[in-house]
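Me: I should be grateful for a close look at a single part of this model, with the residues named. Please begin with the pairing of strands and proceed from there.

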Amino acid sequence: MKNALKPVIGITARVEKDQTYTLDPVYGKAILQSGGLPLIVPIVDEEDIPALCERLDGLIVTGGGDINPTLYGEEPHVRLGAVYPGGDQYEKELILNFLKLDKPFIGMCRGFQMLNIALGGTNYQDLEAQFEGSLYQHKQLAMRTHRTHSVELEEDSQLLGIMEEKNFHVNSFHHQGVKDVSSELRVAARAADGLVEALESDKHQFVMGIQWHPEEFAVQGDEASKKLFDRFVKECAKDKGQNQ
């Protein structure tokens, strides 16, 4: 009997100056470590998005710059950073097409925010200016593997069932954040200051968004983070093994 084919998992890259793609190799390393095959996904024409989604077994939408507030009906705040509207619209359509196929999806950092926005949620354009209440540091200056603030996972969340840790510290590199949660998602984790740190869908087999960067910890051997990628790749491989 043949071994099941490894699942091909698309990973979006950051678009810089409308012409350059950049992606930290740690995303691919985390996927390879868990048995998947990573593939950097470029921007394609809108008409080709459905075909692209059909060919991928899983998708990760990664971090990057600020999100265009017109996507959720707001005018730009004075502290809004650089945006790439074409990339934003592309990622929105990519996410919606992928969820329509009910294939495994993770949005990380900016990708977590894009998942929420694609499904009708909104964003804080700048946390320091707009978040109500006492705010912790969410844009750390320390190295990427430093765990700067705590999060707590919800008792009934899929994320807790996978990672098997309820309270732990995470890294943090964002000045924007989830404001109004989409009605199609539910909160899976919050920071101690109340900011939403993870979302997931009860309507799909495996769809979640995570504000921190667990890939950094997974490749360093953190068991809880590695369990997340192992489960994600396993979900992506389900259909690959059906006819083996």
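Reply: Arg186 has Glu200 as its bridge partner in strand 12. In this predicted model, that bridge belongs to an antiparallel pairing of strand 11 with strand 12 (residues 196–200), which runs over four bridges. The two strands form a hairpin, with four residues between them. Within the turn, Gly194 has a positive phi of about 100°.

The loop between strand 11 and strand 12 also holds Ala192. With a relative accessibility of 53%, Ala192 counts as exposed, because the threshold for that class is over 50%. Leaving aside residues up to four places away in sequence, Ala192 touches Tyr136 and Ser150. The C-alpha atom of Ala192 is separated by 7.4 Å from that of Glu152, although the two residues are 40 residues apart along the chain.

Strand 11 (residues 186–191) has a further partner in strand 8 (residues 149–153). This pairing is likewise antiparallel and comprises three bridges. In one of the bridges, Val151 is matched with Ala191 of strand 11. Strand 11 therefore pairs with strand 8 and with strand 12, since at least two bridges are required for two strands to pair.

A second region that merits attention is helix 4, which spans residues 110–118. Nine of its nine residues are buried, so helix 4 is largely enclosed by the rest of the structure. The buried residues include Arg110, Phe112, Met114, Leu115 and Ile117, and Asn116 and Gln113 also belong to this set. After the helix comes Gly120, with a positive phi near 100°.

Gln113 lies in helix 4 and may be examined more closely. Its relative accessibility is 3%, so Gln113 counts as buried; the cut-off for that class is under 20%. The side chain of Gln113 is joined to the side chain of Gln211 by a polar contact of 3.1 Å. Apart from residues up to four places away in sequence, Gln113 touches Ile67, Asn123, His174, Gln176, Gly177, Val178 and Gln211. Gln211 thus appears both in the polar contact with Gln113 and among the residues that Gln113 touches.

Taken together, the two regions can be set side by side. Ala192, in the loop between strand 11 and strand 12, is exposed at 53% relative accessibility, whereas Gln113, in helix 4, is buried at 3%.

Notes
Residues numbered from 1 in each chain as written. Predicted model: local features only at pLDDT ≥ 70, side-chain atom pairs only at ≥ 80, totals over all residues. Heavy atoms only, no water. Buried < 20%, exposed > 50% of the residue type's maximum accessible area, 1.4 Å probe, protein only. Polar contact = N/O pair within 3.5 Å; in protein donor to acceptor, adjacent residues only side chain to side chain. Contact = heavy atoms within 4.5 Å.
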